[in-house]
Structure formats: C-alpha cells, structure tokens
Amino acid sequence: MNVMPGCAAVTLLWAAAAGMADLRTRHIPNTITGAALLSGLIVHTVMAGTTGLWDAGSGALWMVALLLPGWLMGWMGGGDVKLMAALGAWLGAETAIVALLATLIAGGVIAAIVALWRGTWRRSIESTARLATWLLVGAGAGVVPPETSHVRFPFALAALAGTLVAVFVRVPRP
C-alpha cells in the first residue's frame, strides 16, 4: 500500500462518494470536495505537523496545476478538478501524481467505451487526433484549439479507479 491504511480507506470513501454523486446527478457537490480537501489537510497536519501539511498541500496543488488548463479549455468540469485536489491532499504529492496518471488513463478508457456505446467512435478519434496535433504544434503559436468530441461521462468514476491504482499498485521508485 502506497499510503497509510487509514488515509487510503478515507481517500477511497471520498472518491466513492463523489463517484456516486457524479453518476447520479452528473455533479460533484462542493460539500464533498470541500470537506475532503479540508479534512485531508487537517489530518495530515495533525499526523505530521508542517511536513504533513506541506505534503497534503503539495498533492492538492499538483492536481490543480495539472488539471486547471483542461478546465479552462472546457475539457472537464470544475468539480472534477476540485475532487482531484481533495484526493491529492489525502494521498500526498508523490502518490497524487500516480493517481492523476491512472485517472487520466481510466478516463480515456471510459471515454472510448462511451464513444463506442453512442456510435461516435470515429468522430471521437478524429477529434482526439486534431487535439493532439494542436497540443504539439499550435498551442503555443496562438492557434485556436479544435472542437472536442463532447463525449461526457462521470469523471469521478475515473478518479475512483485512478485512486485505487495509486493506493494499491506498487510503483517502483528510482
């Protein structure tokens, strides 16, 4: 386990609560994200003082910093960013990065399944290719970003899957 068992359990409970809310209403309430973020910062501070606060705060900030551009571009919702920040506070900086990568992979898999289900697979692949080209070539050159495929799904489910991976899959450290 990559985090203390108690923190892992609480993190997974927050992710599951957000997943259920997102699945049911397509919205992640601020009461969940705010309480999860605040409690993560407090628990880590109580357990490890300023070092714990630094680790929890860094986990939250990494999530915001890496996901904020996606929110600004309209590719994801603000609740998704807030949820990942809250989970990052519980996981700490190092494990939060693993959770983010696993979450993005899970999100890609879920998006592919949704696109297949809705019959928009080809349009989604073409849109992804245009977006990847823009990110590699045009993002810094002032080129307007392309339209996305608009495949929407409850991102909190991907966050739950990514958090499970981050908590239980042993990641080799250099």
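This section describes the overall fold of a predicted model and one of its helices, α4.

The secondary structure of the chain consists of six helices and zero strands. From the N terminus on, the order of elements is α-α-α-α-α-α. The C-alpha trace spans about 50 × 35 × 30 Å along its principal axes. The radius of gyration of the chain is 17 Å, which agrees with the value near 16 Å for a compact globule of 174 residues. Of the contacts between residues at least 6 apart in sequence, 75% join residues at least 24 apart.

Buried residues account for 40% of the 174 residues in the chain. The area exposed by the chain is about 9600 Å², and 73% of this area is supplied by carbon and sulfur atoms. Charged side chains number 10 positive and 6 negative, with the centres of the two sets 6 Å apart.

Helix α4 comprises 26 residues, from 93 to 118. The distance from its first C-alpha to its last is 37 Å, close to the 38 Å expected at 1.5 Å a residue. The buried residues of α4 are A93, T95, A96, V98, A99, L100, A102, T103, A106, G107, V114 and A115. In an α-helix there are 3.6 residues a turn, so residues three or four places apart point the same way. Among the buried positions of α4 are A99, T103, A106 and G107, and V114 and A115 are also buried. The residue that follows α4 is G119, which has a positive phi, near 75°.

Definitions and conventions: Residues are numbered from 1 along each chain as its sequence is written. This is a predicted model: local features need pLDDT of at least 70, side-chain atom pairs count only at pLDDT 80 or more; totals for chains, interfaces and linings use all residues. Side-chain values use heavy atoms; hydrogens and water are left out. Helices (H or I, at least four residues) and strands (E, at least two) are DSSP runs, numbered from the N terminus. The expected span of a helix is 1.5 Å times one less than its number of residues. Buried means under 20% relative accessible area, exposed over 50%, partly exposed in between (1.4 Å probe, protein chains only). The radius of gyration is taken over C-alpha atoms; the globule rule is 2.2 Å times the number of residues to the power 0.38. Contact means heavy atoms within 4.5 Å. Accessible areas come from the Shrake-Rupley method with a 1.4 Å probe; for residues, only the protein chains shown count as cover. Lys and Arg count as positive and Asp and Glu as negative; His and the chain ends are not counted. The place of a charge is taken as NZ of Lys, CZ of Arg, CG of Asp or CD of Glu.
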